[in-house]
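Reader: Hi! I'm in my first year and still learning to read these pictures. Could you pick one residue, take a close look at it with me, and then walk outwards from there?

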Amino acid sequence: MGIKSFQGSRKQQNVAAPVALKVRDYMTTSLITFSPDQSIQQVVESLIKYKISGGPVVNSRHELVGVISEGDCLKQLSESRYYNMPLEHDNVEKRMARNVETIDGNMDVFDAANKFLNSKRRRFPIVENGKLVGQISQKDILKAALQLKGQNWNRQ
């Protein structure tokens, strides 16, 4: 014999269909990018000027070749002081991270949130047809979640 519910019949609720939120709808497309031949000093100046903590490195064909971060620059600053080498003698290509993990623009934002949690990254570049088209950050995912909350999570 099956389990019976003693709650009585349930009212049918009009629940809106869940909205599919894609990474591409929340990614930033106006990016500060760097080139492999830029000096670390130029990168540091840009990081400070634009109040960012890093950015993608692209070649002349706008293909993603790496990422440079504040940490990469700090490492170079530390080494330049230790070895008494001026900043202008080092460039992005020598300091950038090369094997950059990207994210698909068609990925659901909540799948992207899990990817952020599992990878401990703050941002992911989005590449389509070999070209950098945008970047998604943890803050972008939070904005998407707030929008969804306003549409679905508060319904009673």
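Author: Sure, let's start with Thr 33. Thr 33 is partly exposed, because its relative accessible area is 29%, and the cut-offs are under 20% for buried, over 50% for exposed and partly exposed in between, using a 1.4 Å probe and protein chains only. Before we go on, a word on the ground rules: this is a predicted model, so local features need pLDDT of at least 70 and side-chain atom pairs count only at pLDDT 80 or more, while totals for chains, interfaces and linings use all residues. Residues are numbered from 1 along each chain as its sequence is written, and side-chain values use heavy atoms, with hydrogens and water left out.

So where does Thr 33 sit? You'll find Thr 33 in the segment before helix H1 (40-50); helices here are DSSP runs of H or I with at least four residues, strands are runs of E with at least two, and both are numbered from the N terminus. Val 43 is 10 residues away from Thr 33 in sequence, and their C-alpha atoms are 9.5 Å apart in space. If you skip neighbours within four places in sequence, Thr 33 is in contact with Gln 38, Pro 56, Val 58 and Leu 132, where contact means heavy atoms within 4.5 Å.

Those contacts give us two trails to follow. Let's take the strand S1 trail, residues 54-58: S1 pairs with strand S2 (residues 64-69) in the antiparallel sense over 5 bridges, and two strands count as paired if DSSP finds at least two bridges between them. One bridge to spot is Gly 54 with Ser 69 in S2. The two strands form a hairpin with 5 residues between them, and His 62 in that turn has a positive phi of about 60°.

Now the other trail, strand S4. S4 covers residues 131-137, and 5 of its 7 residues are buried, so the strand is largely enclosed by the rest of the structure. Its partner is strand S3 (residues 123-128), which runs antiparallel to S4 and is joined to it by 6 bridges. Look for Pro 125, which stands opposite Gln 135 in S4. This hairpin has 2 residues between the strands, and Asn 129 takes a positive phi near 50°.

While you're at S3, check out Phe 124. Phe 124 is buried, with a relative accessible area of 0%, and Phe 116 is buried too, at 4%. A search of the whole structure finds 1 aromatic pair. The ring centres of Phe 116 and Phe 124 are 4.9 Å apart with their planes at 50°, so this pair is tilted; rings of Phe, Tyr and Trp (its six-membered ring) pair with centres within 6.5 Å, and planes under 30 degrees apart are stacked, over 60 edge-to-face and the rest tilted. Lys 115 also lies over the face of Phe 124, at 5.6 Å from the ring centre; the rule is NZ of Lys or CZ of Arg within 6 Å of the centre and within 35 degrees of the ring normal.

Finally, zoom out. The protein has 5 helices and 4 strands, running α-β-β-α-α-α-β-β-α from the N terminus on. Of its 156 residues, 33% count as buried. And among contacts between residues at least 6 apart in sequence, 60% join residues at least 24 apart.
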